[in-house]
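Biologist: I'm new to this structure and would love a close look at a single part of it. Could you walk me slowly through the sheet and whatever surrounds it?

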Amino acid sequence: MSTTSQLGYERLNGVIGKHIYGNLYGVDPNILSDEKFLRSLVIKAAEIANVHLVEVKSWKFINGDKEGVSVLALVVESHIAIHTWPVYRFATVDVYTCGDHSMPNKAFNYIVSVLKPRKYIVNYADRSSE
């Protein structure tokens, strides 16, 4: 069975869900504290992933070892999120998209290339329907 979505692309045999997420270690704490920069990074990552941005929200937390920034982009296809802990030089990145046109791996790789971690771990989950 084939249906056409509101965005005009074909959806065959249910939902195609692609989830890329990981941990980034050894990132410059100044970058991890820069809310404005991280917002722009997520917006560019959405473009690279070929998804449709709905809204971006961000929060900067000031609380010692819990200090950091969280950026969440709601996209038609799902979300992109970055959470940072500058004191630990650590960040998590989560890119989950639905649809065969989206490229979450490209968004994840772009974010990693910009943040330049000393090392990172990446995970992939197939979140497609049957």
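Modeller: Happily; what follows is a tour of the sheet, strand by strand, and then of the helices beside it.

Please keep in mind that this is a predicted model. The chain has an average pLDDT of 90, and 90% of the residues score at least 70. Residues 1–11 are another matter: their pLDDT is below 50, although in the model this stretch has 19 contacts beyond near neighbours in sequence.

Now to the sheet. It is open and has 6 strands, in the order β4-β5-β6-β7-β3-β8, with antiparallel pairing. At its edges are β4, residues 53–61, and β8, residues 119–126, each of which pairs on one side only. On average, neighbouring strands are turned by 10° against each other, direction ignored.

Let's step inward from the β4 edge. Strand β5 covers residues 68–75 and strand β6 covers residues 78–85; the two pair in the antiparallel sense over 6 bridges. They form a hairpin with 2 residues between them. You can follow this pairing residue by residue: V75 has S78 in β6 as its bridge partner, and L72 stands opposite A81 in β6.

On we go to the next pair. β6 and β7 also pair in the antiparallel sense, here over 7 bridges. This is a hairpin too, with 4 residues between the strands. Look for R89 in the turn, where phi is positive at about 55°. Another pair to find is W85, which stands opposite F90 in β7.

As you look along these strands, one general point may help. In a regular strand, side chains alternate between the two faces of the sheet.

Next come the helices. Helix α2, residues 35–48, lies across β4, β5 and β6, and runs at about 155° to β4. Helix α3, residues 104–115, packs on the sheet as well, touching β3 (17–25), β6, β7 (90–98) and β8. The direction of α3 makes about 15° with that of β3. Strand β6 therefore appears in both lists: α2 lies across β6, and α3 touches β6, given that contact means heavy atoms within 4.5 Å.

Let's finish at the surface. V54, L74 and V76 make a nonpolar surface patch of about 270 Å². Of these residues, V54 has its place in strand β4, which brings us back to an edge strand of the sheet.

Key:
Residues numbered from 1 in each chain as written. Predicted model: local features only at pLDDT ≥ 70, side-chain atom pairs only at ≥ 80, totals over all residues. Heavy atoms only, no water. Pairing = 2+ DSSP bridges. Axes fitted to C-alpha atoms, helices over the stretch in contact; angles between N-to-C directions. Patch = residues over 30% accessible without salt bridge, like charges linked within 9 Å, V, L, I, M, F, W, Y side chains within 5 Å. Areas by Shrake-Rupley, 256 points an atom, 1.4 Å probe, with all protein chains shown as cover. Salt bridge = Lys/Arg side-chain N within 4 Å of Asp/Glu carboxyl O. pLDDT = per-residue confidence, 0-100.
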